[in-house]
Amino acid sequence: MRVCGLMSGTSLDGLDIAIADFSFVSDKLTYELKHFVTMDYPEELTAQLFKLMDPLAPLNHVSSMNMYLGELYAKLIKDSLVDSEIEYASIDLISSHGQTIWHEPIAASKREFARANTMQIGDISALAEYAGKPVIGDFRTRDMAAGGQGAPLVPFADQLLFQSSTNGRVLVNIGGIANITVLAPTPNGKEVLAYDTGPGNMIIDSFVSKFTGGKQSYDSNGELAKSGNIHLEWLNQLMENDYFSLPAPKSTGRELFGAAYAEKLWNQGDEYGCSAEDKIATVTMLTAKSLGLEIEQYIKSHDLKEVIISGGGVHNKTLLSYLTDMLPDQVKVKALDEIGFNSDAKEAFVFALLGYLGFQKVPNNLPSTTGAKRQTILGKIAW
């Protein structure tokens, strides 16, 4: 099958589109990434999506955006192929993660109707109608129904694609939120571990936008952080956030580390006498340190030799430098591209893979990482 995977993450700035071919040959999965592009959202759409992150956002706005995104995704897929060699007619299936606007992996209250819940918008029926293709999506809810946190889902693919027989690896994705997948060498026999470590680019991006008056939405190459100084006392106080001491499996998002938290931290930086560059440097180190401390604890037990980075954070050289300096020399930090895989395309490709397997009725979650009681088949299908 040729599957188009769609991913729109917590940065809310665009749609990643990956088109890949999949098949089973003698029960072995084969795959090839054929096309990848990020289609940027107009600023007004990004602004409207940010408004929907507010728990008090009007329900009719959420419902309307759900339908609109299904329509938009279909258009963006077609637009992305205009100058490519991929024929739209060759796509057999669209697999969409959708846009997360709420993720509550543990019920926040004990009221009778409270349940762990999650919501990704970008209606798959609307997408199927406008695209004229079958669509699989809404992956997270089935894992939650099976007792899991609905996240992280990517580690299933990390194990399938990247586990080595000779050395341990940590796959790190630095999007708005940072997460890790810890893979021992295959003879080791240890279960895969995976969870969100905390903020990735989310707070950094917020600070950069605030500092530049919206002219920059991210710290290009980490230049702003590089020009600032890390405020160690403030950093240590930030590391006392309760999330960092929670046991895995755990997952998080804008509900904890979003706009309100970023605004609180920006004001704290003023109290510590930090310049804007110092603030950006300090929250960049917050991402690096919260990642590094988690990775360190698995170096011996999982024979770690490589930390492999993907996601937008792979382009932040200062962030990667901070992380490299935290880890011993025998653990090499490298971009996913260095082992032959497009680091920007990874998450959209993974959802193409999860969609392909779900469509083929093959189990596609990893209970050891989500906390689900059993393995199951994720995804709803709109024909």
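Q: Which residues of α10 are buried?
A: In α10, Tyr261, Ala262, Leu265, Trp266, Gln268 and Gly269 are buried (under 20% relative accessible area, with exposed over 50% and partly exposed in between; 1.4 Å probe, protein chains only). The model is predicted: local features need pLDDT of at least 70, side-chain atom pairs 80 or more, while totals for chains, interfaces and linings use all residues. Numbering runs from 1 along each chain as its sequence is written, and side-chain values use heavy atoms, without hydrogens or water.

Q: Why are the buried residues of α10 said to line one face?
A: Seen down the axis, they fall within an arc of 160°, so they line one face of the helix (the arc is taken over directions from the helix axis to the C-beta atoms). On the other side of α10, Ala259, Ala260 and Glu271 are exposed.

Q: How do you know that the length of helix α10 agrees with its residue count?
A: α10 (residues 259-271) has 13 residues, so at 1.5 Å a residue it should span 18 Å (1.5 Å times one less than the number of residues). Its end C-alpha atoms are 19 Å apart, which agrees.

Q: Why is the pair of phenylalanine 162 and phenylalanine 341 called edge-to-face?
A: Their ring centres are 5.5 Å apart and their planes stand at 85°, so the pair is edge-to-face (centres within 6.5 Å; planes over 60 degrees apart, against under 30 for stacked and the rest tilted; six-membered ring for Trp). Both residues are buried.

Q: What makes lysine 279 sit over the ring of tryptophan 266?
A: Its charged end is 3.6 Å from the ring centre (NZ of Lys or CZ of Arg must be within 6 Å of the centre and within 35 degrees of the ring normal).

Conventions
Helix = DSSP H or I, 4+ residues; strand = E, 2+ residues; numbered from the N terminus.
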